Amino acid sequence: MSLTRLPKDWQDWIAENLARACDPQGIVNLLVRDGNFDVALARAAVEEASNRPVIFTSPTPLEMPFIDTSNNAIKTSDRVVDVLLTLKEPHIVLLGNVLSDEECDAMVAYCETRLTPATVLDDVSGTTQVHPNRSNQGAMLQRSETEVVARIEARLAEIANWPVERAEGMQIQHYQATNEYRPHFDWFDPELPGPRKHMEHGGQRLGTFVLYLSDVESGGGTAFTAIGLEVMPKKGGAVFFQNTDTQHQPNRHTLHAGSPVVKGVKVIANKWLRERIY
């Protein structure tokens, strides 16, 4: 029963609003926005409380991280970030001057001794495993693990208009020559048991930042293989993309890859923005 999975006060709130003949879709939207509940759970709970099938109205867009590209630069509390490229579908924004050279170098140095073989999420068990699709090394950071990390996270929150608390800690990725990450999605597939486990804490991955912490002599781009776009690494820059549509449903056009490094070393930091507090 989906309804009984909600706290009693939310169950009572749903019943009260249905009795007042409020729009079921509006009730769902508020459950997601104010209660931080999963969309599918909210819809099922409202339908159960109605005791009859519900035809939901045309869905209202849900909260999404977004970057305001109405100007050519974004002024954060401590930095002016350049808007270099935008794409509407999928929503992709290329940014310059996101990090200083000193911040990039500090992040790289901090993780040098912590690198281990990078892993991918198993679709069945939900555990992370080494996989031939990914040949680089990486390190996971906690939110606000260092002063530099906290400063960068606060800046990204301003850029994406998304709270720091609704994001995972950064993941540092280190690619030597020939290392790559073959085409993949960042969103969790709710139809698979492994990813579904990860959605229980924080919900879906709505957005991704890829921060470039080093220049690369050749190769190592972020390739959006479904749409024919490739972003080349530029130290201090970043690419942001939304992983889902406005109903938080996975967008298959976000298929992307870390192209093989041909010459040099690529170091990036991934930052994943979640539906709810993580």
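Against which helices do the buried residues of α1 pack? In this predicted model, the partners are α2 (24-35) and α3 (39-50). A look at α1 itself helps to set the scene.

Helix α1 spans residues 8-19, twelve residues in total. From its first C-alpha to its last, α1 reaches 17 Å, close to the 16 Å expected at 1.5 Å a residue. The buried residues of α1 are Trp10, Gln11, Ile14, Asn17 and Leu18. These five lie on the same side of α1 because they cover an arc of only 135 degrees around the axis. The spacing has a familiar background: an α-helix has 3.6 residues a turn, so residues three or four places apart point the same way. On the face turned away from the buried side, α1 carries the exposed residues Lys8, Asp9 and Ala19. Ala21 follows the helix, and its phi is positive, near 65 degrees.

The cysteines make a pleasantly simple second topic. With a cut-off of 2.5 Å between cysteine sulfur atoms, the count of disulfides comes to zero. Cys104 takes part in no disulfide, and the nearest cysteine sulfur, that of Cys111, is 12 Å away. Seen from the other side, the closest cysteine sulfur to that of Cys111 is in Cys104, and the 12 Å separating them is too far for a bond. Both residues are nonetheless shielded from solvent by the accessibility criterion: Cys104 counts as buried at 0% relative accessibility, and Cys111 counts as buried at 1%.

Notes:
Residues are numbered from 1 along each chain as its sequence is written. This is a predicted model: local features need pLDDT of at least 70, side-chain atom pairs count only at pLDDT 80 or more; totals for chains, interfaces and linings use all residues. Side-chain values use heavy atoms; hydrogens and water are left out. Helices (H or I, at least four residues) and strands (E, at least two) are DSSP runs, numbered from the N terminus. The expected span of a helix is 1.5 Å times one less than its number of residues. Buried means under 20% relative accessible area, exposed over 50%, partly exposed in between (1.4 Å probe, protein chains only). The arc is that of the directions from the helix axis to the C-beta atoms. Contact means heavy atoms within 4.5 Å.
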